[in-house]
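Q: I'm new to reading protein models and would love a close look at one part of this one. Could you walk me through a single helix and its surroundings, and then show me how the rest compares?

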Amino acid sequence: MLKVSLFQGETEYGPSAVPLFGPADSTFEKVASAKLLPDVNKYIASLRPRKDAQYVLVNAMGASEYYGSNINGDAFPEASLIHAPDDWTGNPLLDIPKAEAWPYGYPTFYLAHPYAHHRNKDKTRAFGEVELAVWHPNMKRVELVCRVDKDKCEKFGGIQVWDKLQNGQFPDVSMGTKVPYDTCSICLDWKTYRQAQATFIKGKDKHPGDSVLRWHKHQKIRGVSITRKDYCEHALKQMNKILPDGRKVFVYNDYPKFFDISFVFIGADRTAKTMLKIAGDSRIIYSFGSAEQAEKLGYAEGNEILYPAFLGEEKVASAQDEDLIKLAFIGKGAKAKESEMTKDVMPSQFAGKAIPVLTKHEEDLPEDVLSVMNHLPLEESLSTASGLGVILRPREFDRISDRKDDAEIKQSPDKFNHVLAQLLLPLLAGRSMLGPFIERRTIVVVGSPRSASEENKKSTSSHSSSSLRKMSSAYDSYRHGVTEMVAHSQDLLGELAGGDTHLSKLSSAPADQIFTPLSVAYIQDAFRDEASVENKIAQASATVERDLPSANTSSMFPRTRRIQ
């Protein structure tokens, strides 16, 4: 099972991650250093400030017996973290080679690297290293010293991370983990589970988790989940909830292998708040499980490494999916008050299927607006639209862009054009992914099917195959920048608000109302089906070009020439 867990930068236990040799040094001296393992303090003392690298102290991973489950509902027991080779020395130069083949536990943090947007398929694109990984037996936590390299940040999209670390901001830490399974704190059959662990065969199994999987394959163990599809009702819908009898819902991760450690900034990057969802009218906030978070980020598994894809395989909702989506929203009856329905966030299992249904009903941006965007600098147009939560269709992007390469398209708040924003504001109800707009739009969509002619119009590509081939890499670069820009949406709306009460409310609303599960799914999946269809058209015609018929050839059989 693949998981992405978030650890907040500042907690009741102190900072989880502290940039060293900069503005945060005073915090390190007062708060962090006194609680560190002496060997960590000694290692940090041996470091020297560098212009080409920045060091970060990370204290996020604590044993669940002492710190409880994390924000994702994951519990990492002490035994799962302290597992290390018998000849483990504490010296990174000697220990890192041993970590390569180690199956689980804190030594595997040496396999983790910081990446931009968790694009961790290629280790050569990492912009740093874990230089030190130790277990603090008194604090019951893993302590890490990470190095972030400036040149790699500039090359691989991590320069914003570099700048914020240099400014002394405490980053939130996002960790990628692979586990063979997890177990429910409420309904696990502990007796059978322990029996399965006891069948461990040294030399055959990497760890007792292998023996549990072998047992589970032949005789299901209640409460053991190999994928999120196996989750019980507790883990699927009630993560981190306190039950009436006082028990807390979470999952145990007994054999974690860590491979990704990245820095995010909740203060500026509000999209991280989408890990929270509102359950029904009770307004009780539960958290996304880390397996669900991995799915929402678009992660897929390959050779024990996760990677997200913005433009991947085609996803089209079936008629049955549309019925499920309708049921999720109007199951109370078609006459239910809209104000009541908008209190409920779409169940996460429907969010991904809802997006193709939703986007095929969305109107294109008006031609006069696209014309204005076409005459503005591309990065201004894209930054402004993204800042308002408006994601362009492939054909809209091609309409305003002459980019035909894969160079990075840099979107940023300082490129936000207030004049263009005023033109886009009336269109937010029909195109923005921000929670208040998209949740209301979905309710309208499921009750208002479009005509067949309208559907055919939307599904027809306006691109030539050659322009599609040239545009695809530039569009992919643009989509990677959308998430970073929407993180600033509330601040940008606040700048536009003036005396507008509605915009003021949006700018000050709780983040979990602005970035809902449906919003997250939209950022990842919107127009992927359109892009996939158009890319297939391009690929199908990429190998053949037609010439005019020769004088000796019937016009019914034009000559063809194959492109080498």
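A: Happy to! Let's begin with helix α7 (residues 159–166), which lies across β4, β5 and β8 (141–149) and runs at about 75° to β5. Keep in mind as you look that this is a predicted model.

The strands under discussion belong to an open sheet of 4 strands, in the order β4-β5-β8-β7, with antiparallel pairing. Its edges are β4 (17–19) and β7 (128–136), each of which pairs on one side only. On average, and ignoring direction, neighbouring strands in this sheet are turned by 20° against each other. Now zoom in on one edge: β4 pairs with strand β5 (residues 53–58) in the antiparallel sense, over 3 bridges. There you can find P19 standing opposite V56 in β5.

For another helix, move along the chain to α15 (residues 367–375), whose buried residues are V369, L370 and M373. These three cover an arc of only 100° around the axis, which puts them on the same side of α15. On the face turned away from that buried side, you will see the exposed residues D368 and H375. What does the buried side touch? The buried residues of α15 pack against α16 (378–387), α17 (394–400) and α18 (418–424).

Charged side chains are worth a look here too. Side chains of opposite charge can pair when their charged atoms come close. E362 forms a salt bridge with R431, with the closest N and O atoms 3.9 Å apart. E362 lies in the loop between α14 (348–359) and α15, while R431 is in helix α19 (residues 428–431), so the pair ties together parts that are 69 residues apart in sequence. Both E362 and R431 are buried.

The side chains of R393 and D364 also meet in a salt bridge (3.2 Å, N to O). This pair links distant parts of the chain, 29 residues apart: R393 sits in the loop between α16 and α17, and D364 in the loop between α14 and α15. R393 is buried, with a relative accessible area of 0%, whereas D364 is partly exposed at 29%. Across the whole structure, a search finds 18 salt bridges.

Finally, how far can you trust what you see? The protein chain averages a pLDDT of 75, and 68% of the residues score at least 70. Over residues 266–286, pLDDT stays under 50, and over residues 536–564 pLDDT also stays under 50. Where pLDDT is low, the predicted coordinates should not be read in detail.

Note on methods
Residues are numbered from 1 along each chain as its sequence is written. This is a predicted model: local features need pLDDT of at least 70, side-chain atom pairs count only at pLDDT 80 or more; totals for chains, interfaces and linings use all residues. Side-chain values use heavy atoms; hydrogens and water are left out. Buried means under 20% relative accessible area, exposed over 50%, partly exposed in between (1.4 Å probe, protein chains only). Helices (H or I, at least four residues) and strands (E, at least two) are DSSP runs, numbered from the N terminus. The arc is that of the directions from the helix axis to the C-beta atoms. Contact means heavy atoms within 4.5 Å. Two strands pair if DSSP finds at least two bridges between them. Axes are lines fitted to C-alpha atoms, for helices over the stretch in contact, and angles run from 0 to 180 degrees between N-to-C directions. pLDDT is the predictor's confidence in each residue, from 0 to 100. A salt bridge is a side-chain nitrogen of Lys or Arg within 4 Å of a carboxyl oxygen of Asp or Glu.
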